[in-house]
Amino acid sequence: MHPGAAGRAYWQAGEEYVIISDGYDLYRFPVKGGKSECLTLNGRKENIRYTLNELDEETRGKQVDVAQSHILTGFNTVDRTSGYYKVKNLLKPSKPVVLAWGKCRYASLNKAQDASVLTFTQQSFEQMPDIWRTDLNFRKPMQLTRMVDQQKQFIWGSPELIHWTSYKGVQLDGVIYKPANFDPTKKYPLIVNFYERNADELYSARVPNPGRSTPDYHMYLSQGYVIFNPDVRYTTGHPGESCYDCVMSGIDSVCALGFIDESRIGATGHSWGGYQVAYLATRTNRFAAIESGAPVVNMFSAYGGIRWATGRARAFQYEHTQSRLGTTMWENPEIYAENSPLMQMHKVTTPILIMANDTDGHVPYTQGIEMFVAMKRLNKPAWLLNYTGEPHWPCMTSNRVDFQIRLLQFFNHYLKGEPMPTWMSEGIRAVDQPYELGY
């Protein structure tokens with residue numbers, strides 16, 4: 001697979017030049033050949049990722065008038081702050097001028113059709129994306145909505161960006177979410193939740209809701225958990241070991257801060273995240289409990305199928321893209337075995353809750369069954385949730401609420417010592433699945 005584009009390309013009016021992002025700065029390239037020119041000068045030097053805002057609906061997606069002034073969105077890839085900048089024009093290189101900047105995420109910039117008025121949203125983990133109004137130079141911005149008033153009665157929490165070095169020397173970032181009224185002298189249970197790289201979401205708001213697959217952060221923070229969301233950087237051919245290298249070293253870094261009870265650490269992930277936590281279960285006994293949603297545990301059987309939702313052969317994603325094995329099953333079966341948690345399930349000592357829904361069009365439902373049957377055959381504690389008729393994740397609100405309650409009960413039992421709920425101690429057949437809450 002060829003690398004994807006670093007950003008959008010914009011045609012200059014007259015189509016003599018095209019403006020392209022390199023991931024930080026905007027460059028102008030002559031269509032008929034010639035030397036490119038960096039227009040924003042300081043993006044890569046100061047770790048700012050510039051994005052051009054097309055405020056004119058009539059020309060949006062068509063061409064850019066380089067003789068006019070433009071507003072750019074800037075995102076700092078180191079501290080994750082963001083803001084808006086102004087350039088007088090795009091005729092020659094210049095350093096963008098700051099209009100607004102802060103420890104927040106700016107988004108949804110729009111201009112009134114017949115007035116010099118802008119609206120935008122400003123958000124952070126503690127602040128929902130309120131709408132603001134201002135002029136073209138961001139003078140005297142006015143807040144139009146106050147969603148913060150709706151969250152005053154709830155225990156919220158706060159994020160903190162941390163940095164560490166993996167066992168193999170990779171520099172990594174992650175976010176720790178601490179509960180409100182955090183006391184650094186106490187010992188807290190830890191939930192590790194991750195996918196690939198999410199540190200860029202440091203200042204993104206999270207709306208409290210019964211999520212399809214991710215634990216509701218506010219619910220866990222309000223009950224005295226700390227949540228850790230580490231970034232993972234992968235080496236082709238060894239995605240499982242890359243996960244171990246990044247996540248476990250990150251947990252070491254968090255525990256070194258002194259406020260985590262190392263006997264009460266849980267992990268949860270879904271889809272690719274579900275695969276990763278399943279792999280971790282075979283490599284470490286550090287976790288008191290793990291939830292693995294829609295995991296692939298057998299790279300061999302998964303490789304030979306199709307994605308039912310699209311009909312695409314699954315082989316592509318194992319040789320390239322997310323699974324990153326870099327080879328076919330026949331060229332290097334050892335790589336497929338190394339990265340298949342099923343092959344090492346006998347090493348698992350951690351209780352595991354598995355979710356695998358029977359109409360999943362992304363990950364074969366049978367993968368979850370393979371994991372569950374292996375755990376039961378090996379006499380290891382495991383539970384399987386199947387939301388009948390649901391796809392890759394539960395979509396019905398009742399099922400999402402049900403999943404969030406069971407997930408919290410699972411972690412509360414193993415990380416807080418609360419009594420085991422009936423559905424865990426006695427089990428519930430799929431055909432007897434209750435339609436009312438209260439287990």
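**Helix packing and aromatic contacts**

In this predicted model, helix 2, which spans residues 239–255, packs against helix 3, residues 272–283, at an angle of about 80 degrees, and the two axes lie 9 Å apart. Because angles from 65 to 115 degrees count as roughly perpendicular, helix 2 is roughly perpendicular to helix 3. On the side of helix 2 the contact is made by Pro-239, Gly-240, Glu-241, Cys-243, Tyr-244, Val-247 and Met-248, while helix 3 contributes Trp-272, Tyr-275, Gln-276, Tyr-279, Leu-280 and Arg-283. Sorted by character, the residues of this contact between helix 2 and helix 3 comprise 9 nonpolar, 2 polar and 2 charged.

Aromatic rings offer another way through the structure, with a count of 28 aromatic pairs. One of them joins Tyr-27 and Phe-29, whose ring centres are 6.5 Å apart and whose planes meet at 40 degrees, so the pair is tilted; planes count as stacked under 30 degrees and as edge-to-face over 60. Tyr-27 has a relative accessible area of 24% and is therefore partly exposed, and Phe-29, at 31% relative accessibility, also counts as partly exposed. Elsewhere in the chain, ring pairs link Tyr-220, Tyr-225, Trp-383, Phe-410, Phe-411 and Tyr-414 into a cluster.

Rings also take part in contacts with charged side chains. Arg-312 lies over the face of Phe-316, at 4.2 Å from the ring centre, and the charged end of Arg-406 sits over the ring of Trp-423, 5.2 Å from the centre of that ring.

Methods:
Residues numbered from 1 in each chain as written. Predicted model: local features only at pLDDT ≥ 70, side-chain atom pairs only at ≥ 80, totals over all residues. Heavy atoms only, no water. Axes fitted to C-alpha atoms, helices over the stretch in contact; angles between N-to-C directions. Helix = DSSP H or I, 4+ residues; strand = E, 2+ residues; numbered from the N terminus. Parallel < 35°, antiparallel > 145°, perpendicular 65-115°, else oblique. Contact = heavy atoms within 4.5 Å. Nonpolar A, V, L, I, M, F, W, Y, C, P; charged D, E, K, R; others polar. Phe/Tyr/Trp six-rings, centres within 6.5 Å; stacked < 30°, edge-to-face > 60°. Buried < 20%, exposed > 50% of the residue type's maximum accessible area, 1.4 Å probe, protein only. Lys NZ or Arg CZ within 6 Å of the ring centre and 35° of its normal.
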